[in-house]
Amino acid sequence: MSEPMATRDAYGKALAELGAQNPNIVVLDADLSKSTKTALFGERFPERFFNMGIAEQNMIGVAAGLAAAGKIPFASTFAVFAPGRVFDQIRNSIAYADLNVKIAASHAGLTVGADGASHQAVEDIALVRAIPHMTVIVPADGEQARQAVFAAAQHHGPVYLRLGRPKVPVVYDQEHRFQIGRADQLRTGDDVAIIACGLMVSLALQAADQLAAEGIAASVINMATIKPLDIGAVVRAAKTCGAVVTAEEHNIIGGLGSAVAEALGEFYPVPLRRVGIQDQFGQSGEPDELLAHYGMTAEHIAMAAREAVARKV
Amino acid sequence: MSAEELTLTARAQRIRRHIIRMTAAAGSGHPGGSLSCVEILVNLYFRIMRIDPARPDWPDRDRFVLSKGHAAPALYATLAERGFFPTTQLTTLRKWGSMLQGHPDAKRTPGVEASTGSLGQGLSMAVGMALAGRVDKKDFRVFALLGDGESEEGQIWEAAMAGAHYRLSNLVAYLDFNRLQVDGRIEDVMSPTPLADRWRAFGWAVHEIDGHDLTALAQVTERALAEAQGPQLILAHTKKGKGVSFMEDAIDWHGVAPNAEQARQALRELGGEDE
């Protein structure tokens, strides 16, 4: 239970569990089922698993057709390919008709590692977030990923579930209750609020420890649902702390940082610093090397927090 | 010609007149590729498909996906004639608040199974529906209508590969082979031919017919459904703008609506006003 686990592994296990409970669950993959971990479902429910080959556009359209006929499809590949390669299919075949398709994309962000920039999706959240009807979830750890799979299946309509390749530290135990659209306050402080998603949540907690040692009390909020954004939680954090830092494994354009900036700009402007990929492509390397190079460690979050605090009026 | 065919021929002409009145009233739309596929739709909706207009969401119904979504006027007119909604709705096409959007919207229009319009996507959806029928052990059939220009989209061939791979014997696709696309003749813009050979090479059984011949459409469809070991492609040779002399085989009528005088002439050629 308290072992570090990749969110894609949690997804694969949860999907097989869900498949046993709900005969309407069907799963599609595009020749990456060993990596996205849908193979587990495929072994248990071969009649409900469809490998569509290296043909992502068709996979998304087939998922739409399955949903139109009453099934609940989970379609998986790497995030660079869905939504990367299939934006129009997600928009027109799925979201426009509000079809009940779950796109669960793994290998999102820089921490794909050695495969390099061609396989490191840094803009997938921006793409799906701009599509009407779409719900966007970025779980922080294995337990939250597991619960997000069940929540996505319960929710009627298109969902994008963003999953990662590497093992990530445990944030939650089984007492956690994930709810779509609700932020989770992990730590309370009134000097600065760190709003994070995905693997950056555990780094935000480390940053808060560092800041506490310096006498800066940081709130840490896990914003696992990027859309619909928990605007109330953002505004409350801004009112309490007067300064906000966002942390995400995504381009600072279009992702969590943008979503939070939009909410703050409209409802309660306070100083904001956005930790994330600064509008660049990645490269080959170990996940830790990449996060360090692109300014996305706990130290970088702490540094951004100090800057945000210093800019408070 | 049997009495039934006479009725269906008359029905096709009524649908053509609707298409002219609808696009003229809208001031925009796609008459050419709507007129070319009328008999394909009449054959399906009035002879082949197991549907109930009073229950458009009946789970066991046959499905139809208009992958060439710009032929929406033909689909809407067919659905109205079949009783899915009143024919009085038809002239609201493309207007504010209408259930009849410029391209098919499954959420708004009773009987429309798939939201299409971005070309190349409908056959994938039809494959998904056919797979759902297999998973649920239901015997409904899935029909799709593709354009020839649309066959330039790569996704069509991904879907073709999948239909054959999964041996979808409950899937029949019609290809409206009218030989014209927006910018010119298909051979000049980007030739998708030889279509029959390509579909055969992708593992589909191919039947080539005159797409305006209601007798041939019925026979080939029934044979395709009876003998199917896998997906079936009915390559329907058609004429764009069929039935209106100045629209037939004319590139300019792909996406331009007739004005009032042109509409009057078209309606005269199509047998006059209905009411």
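What follows is a chat about a predicted model with chains A and B.

Biologist: Hi! Before we start, what kind of model is this?

Modeller: This is a predicted model. Let's begin with the interface.

Biologist: Sure. How many residues does each chain bring to the contact?

Modeller: Chain A brings 24 residues and chain B brings 23 residues. Between them the two chains bury about 2000 Å², with 57% of that on carbon and sulfur atoms.

Biologist: And how many salt bridges are there across the interface?

Modeller: The rule finds 2 salt bridges between chain B and chain A. One of them joins the side chains of A:D98 and B:K107, at 3.6 Å from N to O. There are also 11 residue pairs in polar contact between the chains, counting pairs with both residues at pLDDT 80 or more.

Biologist: Which elements of chain B give two or more residues to the side that touches chain A?

Modeller: Those are α5 (122-135) and α6 (154-165) of chain B. The most comes from α5(B), which gives 8 residues.

Biologist: How do the residues on that side of chain B divide into nonpolar, polar and charged?

Modeller: On the side of chain B that touches chain A, 10 are nonpolar, 7 are polar and 6 are charged.

Biologist: Switching to helices now. What span should α9 of chain B have?

Modeller: Helix α9 of chain B covers residues 214-227, and its 14 residues should span 20 Å at 1.5 Å a residue. The end C-alpha atoms are 20 Å apart, so the two values agree.

Biologist: What caps the N-terminal end of α9(B)?

Modeller: That is B:D213, with a side-chain oxygen 3.0 Å from the backbone nitrogen of B:T215. Within α9(B), the buried residues include B:L214, B:L217 and B:V220.

Biologist: What about α1 of chain A, how far apart are its end C-alpha atoms?

Modeller: They are 21 Å apart, which agrees with the span that its 15 residues (7-21) should have at 1.5 Å a residue. Among the buried residues of α1(A) are A:T7, A:R8, A:Y11 and A:L18.

Biologist: I'd like to look at A:E143. Is A:E143 buried or exposed?

Modeller: A:E143 counts as buried because its relative accessibility is 12%, and the cut-off for buried is under 20%. A:E143 sits in helix α7 (residues 142-154) of chain A. The side chain of A:E143 makes a polar contact with the side chain of A:Q147 at 2.8 Å.

Biologist: Leaving out residues up to four places away in sequence, what does A:E143 touch?

Modeller: With those left out, A:E143 touches A:Y172, A:D173 and A:Q174.

Biologist: And where is A:V168 found?

Modeller: A:V168 is in strand β8 (residues 167-168) of chain A. At 7% relative accessibility, A:V168 counts as buried. Not counting residues up to four places away in sequence, the residues that A:V168 touches include A:P4, A:T7 and A:L199.

Biologist: Last topic, the backbone. Which residues does the cis peptide bond in chain B join?

Modeller: The bond joins B:T193 and B:P194, with omega about 0°. B:P194 is in the loop between α7 (186-190) and α8 (195-201) of chain B. In chain A, the peptide bond from A:A82 to A:P83 is cis, with omega near 20°. A:P83 lies in the loop between β4 (72-78) and α5 (87-95) of chain A.

Biologist: What is phi for A:D31?

Modeller: Phi of A:D31 is positive, about 65°, although A:D31 is not a glycine. A:D31 lies in the loop between β2 (25-29) and α2 (33-36) of chain A.

Methods:
Residues numbered from 1 in each chain as written. Chains lettered and ligands numbered in written order. Predicted model: local features only at pLDDT ≥ 70, side-chain atom pairs only at ≥ 80, totals over all residues. Heavy atoms only, no water. Helix = DSSP H or I, 4+ residues; strand = E, 2+ residues; numbered from the N terminus. Buried < 20%, exposed > 50% of the residue type's maximum accessible area, 1.4 Å probe, protein only. Polar contact = N/O pair within 3.5 Å; in protein donor to acceptor, adjacent residues only side chain to side chain. Contact = heavy atoms within 4.5 Å. Buried area = accessible area lost by both parts, 1.4 Å probe. Salt bridge = Lys/Arg side-chain N within 4 Å of Asp/Glu carboxyl O. Nonpolar A, V, L, I, M, F, W, Y, C, P; charged D, E, K, R; others polar. Expected span 1.5 Å × (residues − 1).
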